[in-house]
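Here are a few exercises to try with the model open in your viewer. Have a go at each task before you read on to the solution.

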Amino acid sequence: MQVDWTIYLTLLGVGVILLLPRGSKDLIRWVALVTGVGALVVALQNYFNYNAWVNAQIAHGPLRDGFWQVVNVSWIPAPLSVQYHLAVDGINFPLIVLNGFVCVTGILFSWNIENRVKEFFAFFLTLIAGVYGVFMAMDLFLLFVFYELAIIPKYFIIAIWGSTRKEYGAMKLVLYSFVGSALVFIGILAMFFSAGGQTFDILELAKHPLARDVQIWVFPLIFVGFAVLAGMWPLHTWAPTGHVAAPTAASMLLAGVVMKLGSYGCFRGAMLLFPQGLEYWKWWIAWIAVIGIVYGAAVALVQKDFKFIIGYSSVSHMGFVLLGLATLNLIGMSGAILQMFSHGIVASLLFAVVGRMVYDRTHTRQLDELGGLAKVIPFACVTFVIAGAASMGLPGFSGFVAEYQILVGAFKMNPVLALTAGLSIPLTVAYILNANDKVFMERDQIAGGGHDHGHGDGPGSHPPLPPISLPERVAAVILMALLVIVGVYPSIMLNMIKANVDVFLRGAQ
Amino acid sequence: MTPVTYLDVLKALSAEVVLTVTAITTLTLDLAFVRRTEMSVRRRTIGATAAVGLLASIIPLWQQFGHPRAVLLGGTLAVDDLSIFFKIVIVALALVTVLISMDYDVGRHVGEYFTVLLFGAIGMMLLIGAEELLTIFVALELTSISLYILTAFHKGELRSQEAAVKYFMFGAISSAFLLFGLSYVFGVTGTTSLLAIREAVKGAAGAEMSPLLATGLLFTIIGFGFKVAVVPFHLWAPDAYEGAPTPVTAYIATGSKVASFFVLLKVLFIGFAGLEGSAFWGHFASGWTMLLAVTGALSMILGNCAAIVQRNVKRLLAYSSIAHAGYIFIGLVAATKMGATSVLFYIIVYALTNLGAFGVVAALSSRAGGDEMQNFDGMARRAPFLSLLMMIFVLSLAGIPPLGGFFGKFYLFAAAVQRDAQQFGLLWLVILGIVMSAVSLYYYLILLKHIYVLDGSNQSRIVTPTYLNVALGLVALAVVMLGVYPKPLLELLNSLIATL
């Protein structure tokens with residue numbers, strides 16, 4: 001099956017779930033899981049075919065055209081001439097696979113949802129389908145359609161199944177996304193008509209760049225519009241509140257995939273089409289990204305809420321993506337693309353630990369109220385340490401490969417830039433270890449077991465926490481395995497990324 | 001000019017004739033036979049008769065379709081594929097309105113209700129066929145008066161009476177404005193036929209617009225501004241929408257809007273083709289595009305901002321429809337063929353969407369005890385199917401892909417940008433529209449929050465009749481299809497406009 005079947009299979013899953021009676025919760029869960037796995041298998045199979053193809057190609061020299069056309073038919077007639085055009089290359093393939101993995105593990109981590117199961121998985125899979133679509137769309141209009149398709153389900157998922165000021169968080173997130181997409185919309189219209197009003201096709205438009213002065217004012221519209229969703233400082237404030245309010249699977253998706261929609265859109269919608277605009281603005285982007293990196297890490301350090309820590313860490317790590325993209329050299333940009341994948345996995349794992357493993361059991365996320373969980377749910381502790389290590393950029397995990405390359409790329413661009421961004425590394429180590437300490441080590445606040453370590457007001461006599469369930473274990477192991485595989489054997493992903501970034505860089509000159 | 005016999009006119013108007021006969025039949029039927037039966041049976045019998053009549057009127061329309069354009073009686077009646085297509089749209093809207101009404105308590109006067117409803121449809125159809133100022137006025141009055149009466153049909157309710165009186169007062173004033181403007185246009189050009197007006201105006205092109213003609217233009221647009229409820233002529237709309245029986249609200253918001261916009265498009269694009277002026281940023285010049293740009297901008301701002309604070313669903317939809325009239329004006333301001341296509345496409349999508357939304361409100365509010373927002377709390381559990389439809393309609397109004405409302409809005413905006421693509425003269429209007437769409441998402445989501453997120457005190461299931469579910473489901477399907485696959489309708493509209 002072609003890779004576009006990921007979209008259709010997922011939508012089919014939505015249809016089936018809508019037809020099932022709302023009482024048969026297990027059946028609905030299984031349908032969702034089968035759908036997610038089916039789409040993932042399709043994605044993976046195509047991924048490895050493409051990987052083999054790229055490796056065969058680059059054995060003979062640099063790649064000429066990295067795209068595999070999937071489908072390209074006329075959708076809306078002239079004068080708008082919109083094509084239903086899907087294509088894949090080494091940039092979006094890792095993200096498609098990422099989406100598949102986050103979908104499957106997200107469903108597994110949502111296995112314990114009992115309230116309105118049917119609607120939950122319907123919204124969840126709609127969101128997934130939209131994300132698949134964005135990653136594959138090669139027509140700006142189509143990309144925009146899928147992008148907006150992915151916005152609305154987030155509102156309902158957060159507002160219905162979320163916690164902690166959920167309606168506020170949901171509305172804030174959706175309005176931020178929508179304002180961002182409004183900017184993109186204006187930019188797309190301006191670009192379409194400046195380019196002669198012939199086509200929205202990204203690959204066609206990229207062949208005929210616009211006049212420089214047009215590029216310089218349209219580029220920021222589209223870039224910033226997408227960057228809102230990528231959590232670019234100072235437009236990142238939706239991210240922590242949204243992540244905190246969201247239920248586990250939704251925070252996984254938000255941090256793991258949806259933020260990548262933003263950075264991917266920046267790359268595909270803005271950078272590819274406006275080389276001169278990019279050249280003009282790249283220092284702005286780079287410095288703003290660095291501010292976001294350091295700011296996110298510093299703010300994460302002082303948070304009292306476990307989930308806010310992870311939320312701000314996402315802002316910091318997404319800053320790396322933007323920084324890598326702005327370097328405009330092979331190593332930096334390849335790192336950025338890999339970082340999208342890597343952070344997607346890391347963030348999903350961290351949010352799973354915080355939201356599902358810890359919060360669903362203890363019903364608190366305050367660092368002061370947690371403690372000693374390592375004894376009670378050791379699996380959660382191990383997962384957190386591994387994800388945290390990948391987040392810090394420890395060698396052996398994917399995060400290292402990605403962030404190291406970004407920093408090297410940034411160093412080539414300007415050493416001060418790289419050094420400032422590097423400040424975030426000790427900060428990251430600090431907030432991860434701090435959280436680890438407070439939640440899993442230290443005093444036995446929640447661990448209970450009847451004994452009280454002299455904390456008169458401590459909730460020492462909690463009932464024992466439920467053990468980590470099988471779906472959680474499976475999902476966590478899948479994600480951890482990915483971190484290690486890509487960390488130890490990065491060329492499985494990096495070859496195709498590099499080959500395609502190379503195509504982009506040669507095209508931009 | 002070949003002499004026209006009454007038979008020719010009757011043939012051209014056969015659909016309207018069918019409806020007139022149906023209207024009289026429903027009235028007689030109600031008075032003579034079903035007066036004493038139970039109310040719900042009575043409504044269904046009479047409603048079904050009206051529905052059959054509406055379906056039957058499609059047959060002559062269908063037969064007229066595809067023939068070359070014919071203009072009878074100096075523009076009183078134009079028969080071309082575009083107007084036939086829109087007459088079919090009107091019939092479809094009236095049909096769904098009838099179906100919604102069959103399930104809604106419209107009081108004792110069932111026969112009169114459906115009769116007046118059908119007369120309204122006839123007025124709208126005549127309006128669509130008219131290309132002559134006096135006929136336009138008469139048809140507009142027939143439509144409006146029918147709607148005033150329908151608005152007052154909640155006889156016991158004060159707000160229905162207030163709404164009707166307010167609607168009537170504003171409507172009467174707007175008719176006066178319109179007639180005044182049209183008389184000036186006639187005075188200057190010496191004709192009431194739109195095509196002849198265009199020729200007369202063209203002769204004067206290049207020179208300064210005469211003050212008399214400018215006055216005529218201004219007052220005509222004000223008159224239409226009242227009918228389509230744009231700021232600052234919108235004051236009647238929220239009250240009329242809220243007070244009228246909900247199926248009537250649906251009818252006012254869809255059928256009469258479609259007809260009014262269609263004829264406004266004709267008047268502006270045919271009659272006043274030489275008087276566009278300019279609404280380009282920094283190059284304003286007097287003419288109707290500038291008037292429309294300003295009123296459209298005000299409508300978008302005020303409609304969307306005022307909708308935020310509404311707590312009544314019908315009022316909220318009223319303000320939203322004021323905003324939508326503003327969006328449609330963007331397409332009119334473009335004053336190009338693409339603009340015309342976009343306006344026609346959008347009014348169809350808009351009408352279907354609003355019809356569906358009001359239909360759901362009508363079906364649910366009578367069973368949930370009111371049309372305030374909190375009456376809809378937890379509706380997703382009580383009526384899952386209609387709630388899903390409501391989500392589709394509301395998101396389409398908000399302009400979320402892949403629904404029809406998104407594509408329609410995109411097309412409007414694209415048409416406006418395309419008008420002056422080099423200098424982006426109309427981009428200011430488009431940016432305003434896009435920003436206001438972002439604002440609108442807020443209140444649409446609030447409405448959906450009540451339906452989907454909040455839990456109401458009452459958890460009992462709501463059962464609605466199957467025919468209503470099917471009808472509204474089909475409307476929702478159409479809204480989705482127009483977004484996912486707009487190609488057929490777009491190509492049809494493009495080809496029909498080319499023949500104009």
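**Exercise 1: the charged pair**

Task: In this predicted model, find the partner with which B:Lys449 forms a salt bridge.

Solution: Start at B:Lys449 and look across to chain A: the partner is A:Glu167, with the closest N and O atoms 3.2 Å apart. The cut-off for a salt bridge is 4 Å, so this pair passes. Next, check the tally: the count between chain A and chain B is 1 salt bridge. Then turn to polar contacts, where the rule finds 4 residue pairs across the interface, both residues at pLDDT 80 or more.

**Exercise 2: the chain A side**

Task: Work out which elements of chain A supply at least two residues each to the side that touches chain B.

Solution: Go along the chain and you pick up strand S1 (68-76), then helices H4 (117-136), H5 (140-149), H6 (151-161) and H7 (166-194). H7(A) gives the most, with 13 residues. Now sort that side by class: 29 nonpolar, 3 polar and 5 charged residues. Finally, look at the buried area between the chains, about 3,600 Å², with carbon and sulfur atoms giving 80% of it.

**Exercise 3: the build of chain B**

Task: Decide how the radius of gyration of chain B stands against the globule rule.

Solution: First take stock of chain B, which has 20 helices and 2 strands. Its radius of gyration is 22 Å, close to the 23 Å that the rule gives for 500 residues, so chain B is as compact as a globular protein of that length. As a last step, look at burial: 65% of the 500 residues of chain B count as buried.

How values were computed: Residues are numbered from 1 along each chain as its sequence is written. Chains are lettered from A and ligands numbered from 1 in the order in which they are written. This is a predicted model: local features need pLDDT of at least 70, side-chain atom pairs count only at pLDDT 80 or more; totals for chains, interfaces and linings use all residues. Side-chain values use heavy atoms; hydrogens and water are left out. Buried area is the accessible area (1.4 Å probe) that two parts lose on being put together, summed over both. A salt bridge is a side-chain nitrogen of Lys or Arg within 4 Å of a carboxyl oxygen of Asp or Glu. A polar contact is a pair of N or O atoms within 3.5 Å; within protein, one must be able to donate a hydrogen and the other to accept it, and residues adjacent in sequence count only if both atoms are side-chain atoms. Helices (H or I, at least four residues) and strands (E, at least two) are DSSP runs, numbered from the N terminus. Ala, Val, Leu, Ile, Met, Phe, Trp, Tyr, Cys and Pro count as nonpolar, Asp, Glu, Lys and Arg as charged, and the others, Gly among them, as polar. The radius of gyration is taken over C-alpha atoms; the globule rule is 2.2 Å times the number of residues to the power 0.38. Buried means under 20% relative accessible area, exposed over 50%, partly exposed in between (1.4 Å probe, protein chains only).
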